[in-house]
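These are my notes from a first look through a structure that was new to me. I wrote down what I looked up, entry by entry.

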Amino acid sequence: MASRLLGFSTAASDLLVRHPEEVEALADVSARDRDALGTELHGDVAAHGASAGLRRFRRRAMLRIAARDLGGAAFEEVVTEISDVADTCLAMVCPEGHAVVALGKLGGRELNYASDVDLLARQHSVTIGDLLAPLGVPVTLLTGSLSGPGTKAAREAIDGGAAVAALAA
């Protein structure tokens, strides 16, 4: 399985060069349900801290999924687990009492390796914000493409209660 993955995926090869410890993820590439993914993520966050744990979890999960994908896994199984990985990460970072509105490919549980949900999220965050404003529900955009200050501002809005709903991509 590893040779197939490395032969077909330069992204996987590059990842393993930068993070050789992740090769152990290829020992068991079976599909994980949300509970198993959540347990795995909580372990990574406990061992490495929130940011590093989330990155490590996602990197390892996507490597496993790619290996299974190249091994002939069904398309539906692949996109479902990629979506489950995203859901698991979002559940970890979304404070209790707050909401994540999933639109586009995330909302449809159709994420792939290069989903363009960031661009859709920016457009939809304005629309969702406009729809929820009359109800007194403030919305913020929280996405990986935000710069350090943008991410910090979004997290402070969520933590401080200034944003009750976060549109995440």
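Entry 1, terms. Before counting what lines a pocket, I noted that a pocket is an open set of grid points with protein on both sides within 12 Å along at least five of seven lines, and that lining residues have an atom within 4 Å of a point. I also noted that helices are DSSP runs of at least four residues, numbered from the N terminus, and that I am working with a predicted model.

Entry 2, the second largest pocket. I looked up its volume and found about 180 Å³ of space. Its lining is made up of Ser 9, Ala 11, Ala 12, Leu 15, Arg 58, Arg 59, Met 62, Leu 63, Ala 66 and Tyr 113. Which helix gives the most to this lining? I found that α4 does, with 5 residues, while α2 (10-18) and α4 each supply at least two. Sorted by class, the lining has 7 nonpolar, 1 polar and 2 charged residues.

Entry 3, Met 62. I then followed one lining residue, Met 62, which I located in helix α4, spanning residues 50-70. Is Met 62 buried or exposed? Its relative accessible area is 12%, and because buried means under 20%, I recorded Met 62 as buried. Setting aside residues up to four places away in sequence, I found that Met 62 touches Ile 82 and Tyr 113. Met 62 and Ile 82 are 20 residues apart in sequence, yet their C-alpha atoms are 7.1 Å apart in space.

Entry 4, the nonpolar cores. Ile 82 came up again when I turned to the largest nonpolar core, which has 15 residues, and in which Leu 41, Phe 57, Ile 65, Val 78, Ile 82 and Val 85 touch the most other members. Helices α3 (34-48), α4 and α5 (75-93) each supply at least two residues of this core. Apart from this core lies another, of 10 residues, including Leu 15, Leu 16, Val 29 and Leu 63. I noted beside this that, in soluble globular proteins, nonpolar side chains tend to be buried together. For Leu 41, leaving out neighbours within four places in sequence, I listed contacts with Gly 53, Leu 54, Phe 57, Thr 88, Cys 89 and Met 92.

Entry 5, Arg 68. Last, I looked up Arg 68, which also lies in helix α4. With a relative accessible area of 10%, Arg 68 is buried. A polar atom of the Arg 68 side chain lies 2.6 Å from the backbone oxygen of Val 29.

How values were computed: Residues numbered from 1 in each chain as written. Predicted model: local features only at pLDDT ≥ 70, side-chain atom pairs only at ≥ 80, totals over all residues. Heavy atoms only, no water. Buried < 20%, exposed > 50% of the residue type's maximum accessible area, 1.4 Å probe, protein only. Contact = heavy atoms within 4.5 Å. 1 Å grid on protein atoms, 1.4 Å probe; cavity = no way out; pocket = protein on both sides within 12 Å on 5 of 7 lines; lining within 4 Å. Points joined across faces, edges and corners; volume = space filled by probe spheres on them. Nonpolar A, V, L, I, M, F, W, Y, C, P; charged D, E, K, R; others polar. Core = buried A, V, L, I, M, F, W, Y, C linked by side-chain atoms within 4.5 Å. Polar contact = N/O pair within 3.5 Å; in protein donor to acceptor, adjacent residues only side chain to side chain.
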